[in-house]
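Open your viewer, get comfortable and keep the selection tool at hand. We will walk through this model one stop at a time.

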Amino acid sequence: MRRTEYILKPSNYLFILFSIICGLAFNLFPMFGRIIWMPDLLSLIILFWVSREPYKVSIGSAFILGLIMDVSYATLFGEKALEYSILAFYAQSMQARLKHFSFTIQGLHFLPILFIAQFVFFMIHYLQGQNISNIYWTKPVIEALIWPILANILLIPQKLSHDIDHTRPI
């Protein structure tokens, strides 16, 4: 359990959109997009927003973002869409439980589903006859380690208060 509980402000649609665009830009940046052990930042952002705000970011939006990534990577159409949809479904089904855990424990909860998403990636490429390096299996571990940092960054706008009163604990 977290020791300090904040009453968070509602999430802003513009900030959600901005964070998703930043995740897309990070994945599409030529230096980061093709390194095999580099974490998929957009998938982590999708996990965060679907688990926090399932009515604002849903499985359908994860599927559309996956199609955008498929087109931009020129890969098999629907590969990333399937991965992102699996991740979003898991995050949405676990969202009530995940809010009670710290971000580190949430990262451990997301680790198996990140491995499943990586296994889907592996199977798609294996069925196409491509050889996959073993370093691909380090990617979910790196993403689970990044999760607490990213989640704290994405919560900063919701923790900011307009009227700061040092006499109140909230």
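Before we start, one bit of vocabulary: Ala, Val, Leu, Ile, Met, Phe, Trp, Tyr, Cys and Pro count as nonpolar, Asp, Glu, Lys and Arg count as charged, and the others, Gly among them, count as polar. Please also remember that what you are looking at is a predicted model.

**Stop 1: the whole chain**

Show the protein chain as a cartoon. There are eight helices and zero strands to find, so the pattern along the sequence reads α-α-α-α-α-α-α-α. The chain has 170 residues, and 40% of them are buried. Now think about contacts between residues with a separation of 6 or more: 69% of these join residues that are 24 or more positions apart.

**Stop 2: two helices side by side**

Select residues 13-28, which form helix H1, and residues 41-52, which form helix H3. How far apart are their axes, and at what angle do the helices pack? The axes are 8 Å apart, and the angle is about 160°. Because angles over 145 degrees count as roughly antiparallel, H1 is roughly antiparallel to H3.

Next, show the side chains where the two helices meet. On the H1 side, pick Phe-15, Ile-16, Ser-19, Ile-20, Gly-23, Leu-24, Phe-26 and Asn-27. On the H3 side, pick Leu-41, Leu-42, Ile-45 and Trp-49. Colour this contact by class and you will get nine nonpolar residues, three polar ones and no charged ones.

**Stop 3: the largest cavity**

Time to look for empty space. Rolling a probe the size of a water molecule over the atoms shows where empty space is left. How many cavities of 30 Å³ or more does a search of the whole structure find? The search finds two.

Begin with the largest cavity, which holds about 80 Å³ of space. To see its lining, select Asp-40, Ser-43, Lys-80, Glu-83, Tyr-84, Leu-87, Leu-114, Ala-117, Gln-118, Lys-139 and Glu-143. The elements that give two or more residues to this lining are helix H5 (79-93), helix H7 (103-127) and helix H8 (139-159). H5 provides the largest share, with four residues. Now use the vocabulary from the start: this lining has four nonpolar, two polar and five charged residues.

Two of these lining residues deserve a click of their own.

- Glu-83 sits in helix H5. Is Glu-83 buried or exposed? Glu-83 is buried, with a relative accessible area of 5%. Leaving aside neighbours within four places in sequence, Glu-83 is in contact with Ala-117, Val-120 and Phe-121.
- Gln-118 belongs to helix H7 and is buried too, with a relative accessible area of 6%. Again leaving aside neighbours within four places in sequence, its contacts are Tyr-136, Trp-137, Lys-139 and Pro-140. Try drawing a line from the C-alpha of Gln-118 to the C-alpha of Pro-140: these residues are 22 apart in sequence and 7.2 Å apart in space.

**Stop 4: the second largest cavity**

Move on to the second largest cavity, with a volume of about 60 Å³. Select its lining: Phe-48, Ser-51, Arg-52, Gln-95, Leu-98, Lys-99, Phe-103, Gln-106 and Phe-110. H3, helix H6 (95-98) and H7 each supply at least two of these residues. By class, the lining divides into four nonpolar, three polar and two charged residues.

Click on Gln-106, which lies in helix H7. Gln-106 is buried, with a relative accessible area of 5%. Beyond residues up to four places away in sequence, Gln-106 touches Leu-98, Lys-99, Phe-101 and Trp-147. Then find Ala-144: Gln-106 and Ala-144 are 38 residues apart in sequence, yet their C-alpha atoms are 8.5 Å apart in space.

**Stop 5: a loop residue**

For the last stop, select Ala-74, in the loop between helix H4 (59-73) and H5. Ala-74 is exposed, with a relative accessible area of 68%. What is its phi? The phi of Ala-74 is near 55°, a positive value in a residue other than glycine. For comparison, most residues other than glycine have a negative phi.

Terms used. Residues are numbered from 1 along each chain as its sequence is written. This is a predicted model: local features need pLDDT of at least 70, side-chain atom pairs count only at pLDDT 80 or more; totals for chains, interfaces and linings use all residues. Side-chain values use heavy atoms; hydrogens and water are left out. Axes are lines fitted to C-alpha atoms, for helices over the stretch in contact, and angles run from 0 to 180 degrees between N-to-C directions. Angles under 35 degrees count as roughly parallel, over 145 as roughly antiparallel, 65 to 115 as roughly perpendicular and the rest as oblique. Contact means heavy atoms within 4.5 Å. On a 1 Å grid over the protein atoms alone, a cavity is a set of points where a 1.4 Å probe fits but cannot get out, and a pocket is an open set with protein on both sides within 12 Å along at least five of seven lines; lining residues have an atom within 4 Å of a point. Grid points are joined across faces, edges and corners, and a volume is the space filled by probe spheres set on the points. Buried means under 20% relative accessible area, exposed over 50%, partly exposed in between (1.4 Å probe, protein chains only).
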